[in-house]
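Q: Please take a close look at one strand in this structure. Set out what lies around it, then work outward to the rest of the chain.

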Amino acid sequence: MDLIARLGLSVPLIQAPMAGTSTPALAAAVSHAGGLGSIAVGTLSPDGARRDIAAVRAATGRAFNVNLFAHAPCEPDPAREAAWLDALRPAFAQFDARPPAALETIYPTFTGNAEMLAALVDTAPPAVSFHFGLPEPAAVSALKAAGCLLLASATSLAEARLAREAGIDAVVAQGWEAGGHRGVFDPDAPDGRLGTMALTRLLVAQSGLPVIAAGGIMDGGGIRAALDLGAVAAQLGTAFIACPESNADEAYRAALASNAAEHTTMVHAISGRPARCLANRFTALAETPGLPPVAPYPRAYHAGKALNAAAKAKGEGGFGAQWAGQGAPLSRALPAAELVALLAGELAA
Ligand code: FMN
């Protein structure tokens, strides 16, 4: 299957779905410029997903991607969560605030989510991608019958093989360098931490699926390197955060544009799953010795978002989920269409 031809792309480039940061306007601008724009609906309700899909469609007639979280359903763990909230109490107190009394599952997984599946089948986006795991067989069949091309993140050969067995059409090889949440299917299993180069090559050779390379790719030279490794396209997230069409707040943009971009770190404490973030006050807090185990994903994120809101209310932006990959210092703050044109030009040079 020629993924690029099927999606009608003129640049072998996917703007990564970025929950909380990507927007319909960003996705539409990227798609309109010849790449594949993505929206992330994993944190939205089915109605929110329908609204965002309609917004992309209203802005461009070109193909786009809709991303979902397919993690294992979250089991509340009251004792562990109470200890975690207690450990965060002093951080909240710095901003005259208190942690939430109890954690909530702030968004459900796509797994078993019949209403979200119905929203996707009804709207039939050209591409649908999954992070943190794979959809159930019935969802794969329904989405394929609706004409959707299916993509899934894989951080290892084992995950890529599972994607192939599940009927996924192409795999996003997410290297250790990548910004945002690691797509590992089981966050409690050992993580081989493969870098983008080794993982892309491995999946090209052995997964049996077309491979999209992701992690640390910031410019046309990086995209070309990914193609040289045998990838059919590159997926770039961090490169698009500084676009005016993104939802990144001022503190995030300022950090990305500063020397702070030279330091990213993998942090569990913000959401309950490992994610690569600009080193900031939250990641420093996460390294405090003697912290109890972090509450499970996404329940920990309820507290993480509350702490950021409390800090922001007092003018401190350093507790944000400032996800970014290792290529962050190469970020360029350009409108998305200009950035895609620049990337295409660099790739062709
Ligand atoms: N991947 C997803 O599949 N779904 C998401 O919602 C998602 N959110 C992200 C948010 C941000 C701000 C970033 C930087 C990445 C996110 N990712 C998400 C990971 C990307 O799909 C991709 O793996 C990553 O951006 C590639 O690395 P790079 O950021 O170095 O380009």
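The strand in question is β4 (127-131), and the answer starts there.

A: The model is predicted. Start with the strand itself.

β4 covers residues 127-131. It is mostly covered: five of its five residues are buried. Its side chains split by direction. A127, S129 and H131 point one way. V128 and F130 point the other way. Both groups are buried.

Next, the partners. Strand β3 (residues 64-69) joins β4 through five bridges, and the two run parallel. Within that pairing, N67 has S129 as its bridge partner in β4. Strand β5 (residues 149-154) is joined to β4 by four bridges, again in parallel. Here F130 is matched with A152 in β5. In general, strands of a sheet pair through backbone hydrogen bonds, either parallel or antiparallel.

Now the whole sheet. Eight strands make up an open sheet, in the order β1-β9-β8-β6-β5-β4-β3-β2, with parallel pairing. β4 sits between β5 and β3 in that order. The edges are β1 (13-15) and β2 (37-40), each of which pairs on one side only. On average, neighbouring strands of this sheet are turned by 25° against each other, direction ignored. Elsewhere in the sheet, strand β8 (residues 211-214) meets strand β9 (residues 233-236) through three bridges, running parallel. In that pair, I212 stands opposite A233 of β9.

Both ends of β4 carry a backbone feature. Take the stretch before the strand. A124 lies in the loop between α5 (114-123) and β4. Its phi is positive, about 45°, although A124 is not a glycine. A124 counts as partly exposed because 14 other C-beta atoms lie within 10 Å, and burial takes 20 or more.

Then the stretch after the strand. F132 is in the loop between β4 and α6 (137-145). It too has a positive phi, about 75°, and is not a glycine. F132 has 25 other C-beta atoms within 10 Å, so it is buried. The two loop residues therefore fall into separate classes: A124 is partly exposed, whereas F132 is buried.

Step back into the helix ahead of the strand. A119 belongs to helix α5. With 21 other C-beta atoms within 10 Å, A119 is buried. Leaving aside neighbours within four places in sequence, A119 is in contact with P46, A49 and R50. For a sense of distance, the C-alpha atoms of A119 and R201 are separated by 35 Å, and the two residues are 82 residues apart along the chain.

Now the domains. The domain assignment of the chain gives domain 1 (1-73 + 108-244 + 333-349) and domain 2 (74-106 + 247-330). Their C-alpha centres lie 25 Å apart. The contact takes 23 residues from domain 1 and 20 residues from domain 2. On the side of domain 1 that touches domain 2, nine residues are nonpolar, eleven are polar and three are charged. The numbering of β4, 127-131, falls in the 108-244 segment of domain 1.

The ligand draws on both domains. Each of domain 1 and domain 2 gives at least three residues to the shell around the ligand. There are 30 residues around the ligand, and M18, G179, G180, G237 and G325 come nearest. Two elements give two or more residues to this shell: β7 (180-181) and β9. By type, the shell divides into 13 nonpolar, 16 polar and one charged.

β7 leads to a second sheet. This one is open, with three strands in the order β7-β11-β10 and antiparallel pairing. Its edge strands are β7 and β10 (264-267), each pairing on one side only. Two bridges join β7 to strand β11 (residues 275-278), and the two run antiparallel. Within that pair, H181 stands opposite A275 of β11.

One last backbone point lies in domain 2 by its numbering. The peptide bond from Y297 to P298 is cis, with omega near -5°. P298 is placed in the loop between α11 (281-286) and α12 (299-313).

Back to the strand. β4 has all five residues buried, with parallel partners in β3 and β5. Positive phi values occur in the loops on either side, at A124 and at F132.

Key:
Residues are numbered from 1 along each chain as its sequence is written. This is a predicted model: local features need pLDDT of at least 70, side-chain atom pairs count only at pLDDT 80 or more; totals for chains, interfaces and linings use all residues. Two strands pair if DSSP finds at least two bridges between them. Axes are lines fitted to C-alpha atoms, for helices over the stretch in contact, and angles run from 0 to 180 degrees between N-to-C directions. A residue is near a molecule or strand if its C-beta atom, placed from the backbone, lies within 6 Å of it. Ala, Val, Leu, Ile, Met, Phe, Trp, Tyr, Cys and Pro count as nonpolar, Asp, Glu, Lys and Arg as charged, and the others, Gly among them, as polar. Domain bounds come from an automatic or database domain assignment. Two residues are in contact if their C-beta atoms, placed from the backbone, lie within 7 Å. A residue is buried if 20 or more other C-beta atoms lie within 10 Å of its own, exposed if 12 or fewer, and partly exposed in between; C-beta atoms are placed from the backbone.
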